[in-house]
Amino acid sequence: TDVGDVKDHQEYIKLVKTPEEMAKVTNFFLNDGPERHRISERAFSEWQENYTWGKIVNRYENVIRNPK
């Protein structure tokens, strides 16, 4: 569902509004191995680049050391 910053990650997080839509999207990915792999690789890459604890800690330290 559309909460937080989910819309910022629509390339690999699919927003749905109904259980039927969720089932349709889920079945699509279950049946399309190459697309499932592409999406999962993109999500993993995004995590590695931006959301590991090391990256997050560096951002917090930066904010603390350089308040605006």
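A residue counts as partly exposed when its relative accessible area falls between the buried class, under 20%, and the exposed class, over 50%. Ser40, at 38% relative accessibility, therefore counts as partly exposed. This serine is a handy place to start a tour of the structure, which is a predicted model. Ser40 is part of helix H2, and its C-alpha atom is separated by 7.3 Å from that of Tyr12, a residue 28 positions away along the chain.

The overall architecture comes next. The chain contains 3 helices and 0 strands, and reading along the sequence gives the pattern α-α-α. The radius of gyration is 16 Å, well over the 11 Å that the globule rule gives for 68 residues, so the chain is more spread out than a compact globule. Along the principal axes, the C-alpha trace spans about 50 × 25 × 15 Å. Helix H1 covers residues 19-31, helix H2 runs over residues 33-50, and helix H3 takes in residues 53-65.

How much of the chain is buried? Of the 68 residues, 12% fall into that class. The accessible surface comes to about 5,800 Å², and carbon and sulfur atoms account for 57% of that area. Contacts between parts of the chain that are distant in sequence can be counted as well: among contacts with a separation of 6 or more, 32% join residues 24 or more positions apart. As for charge, the chain carries 11 positive and 12 negative charges, and the mean positions of these two sets are 4 Å apart.

Side chains of opposite charge can pair when their charged atoms come close. In this model, the count of salt bridges comes to 3. One of them joins the side chains of Glu11 and Arg42, with an N to O distance of 3.2 Å. Glu11 sits in the segment before helix H1 while Arg42 belongs to helix H2, so this pair ties together parts that are 31 residues apart in sequence. Both partners are in the intermediate accessibility class: Glu11 is partly exposed, with a relative accessible area of 40%, and Arg42 is partly exposed at 26%.

Arg42 takes part in another salt bridge, with Glu46, where the N to O distance is 3.1 Å. Here the two residues share helix H2 and lie 4 residues apart, about one turn of the helix. Glu11, Arg42 and Glu46 are thus linked in a network of salt bridges.

Is Glu46, at 12% relative accessibility, buried or exposed? Glu46 counts as buried, because its relative accessible area of 12% is under the 20% cut-off. Its surroundings can be described too: with neighbours within four places in sequence left aside, Glu46 is in contact with His9, Tyr12 and Tyr51. Tyr12 is a name already met, as the residue whose C-alpha atom is 7.3 Å from that of Ser40.

The remaining salt bridge pairs Arg38 with Glu35, and the closest N and O atoms are 2.9 Å apart. These two residues are 3 residues apart in helix H2, a separation of about one helical turn. Arg38 is partly exposed, with a relative accessible area of 39%, and Glu35 is also partly exposed, at 21% relative accessibility.

A last stop on the tour is Tyr60, which lies in helix H3. Which accessibility class does Tyr60 belong to, with a relative accessible area of 55%? Tyr60 is exposed, since 55% is over the 50% cut-off. The C-alpha atom of Tyr60 is separated by 19 Å from that of Gly4, a residue 56 positions away along the chain.

Definitions and conventions:
Residues are numbered from 1 along each chain as its sequence is written. This is a predicted model: local features need pLDDT of at least 70, side-chain atom pairs count only at pLDDT 80 or more; totals for chains, interfaces and linings use all residues. Side-chain values use heavy atoms; hydrogens and water are left out. The radius of gyration is taken over C-alpha atoms; the globule rule is 2.2 Å times the number of residues to the power 0.38. Buried means under 20% relative accessible area, exposed over 50%, partly exposed in between (1.4 Å probe, protein chains only). Contact means heavy atoms within 4.5 Å. Accessible areas come from the Shrake-Rupley method with a 1.4 Å probe; for residues, only the protein chains shown count as cover. Lys and Arg count as positive and Asp and Glu as negative; His and the chain ends are not counted. The place of a charge is taken as NZ of Lys, CZ of Arg, CG of Asp or CD of Glu. A salt bridge is a side-chain nitrogen of Lys or Arg within 4 Å of a carboxyl oxygen of Asp or Glu.
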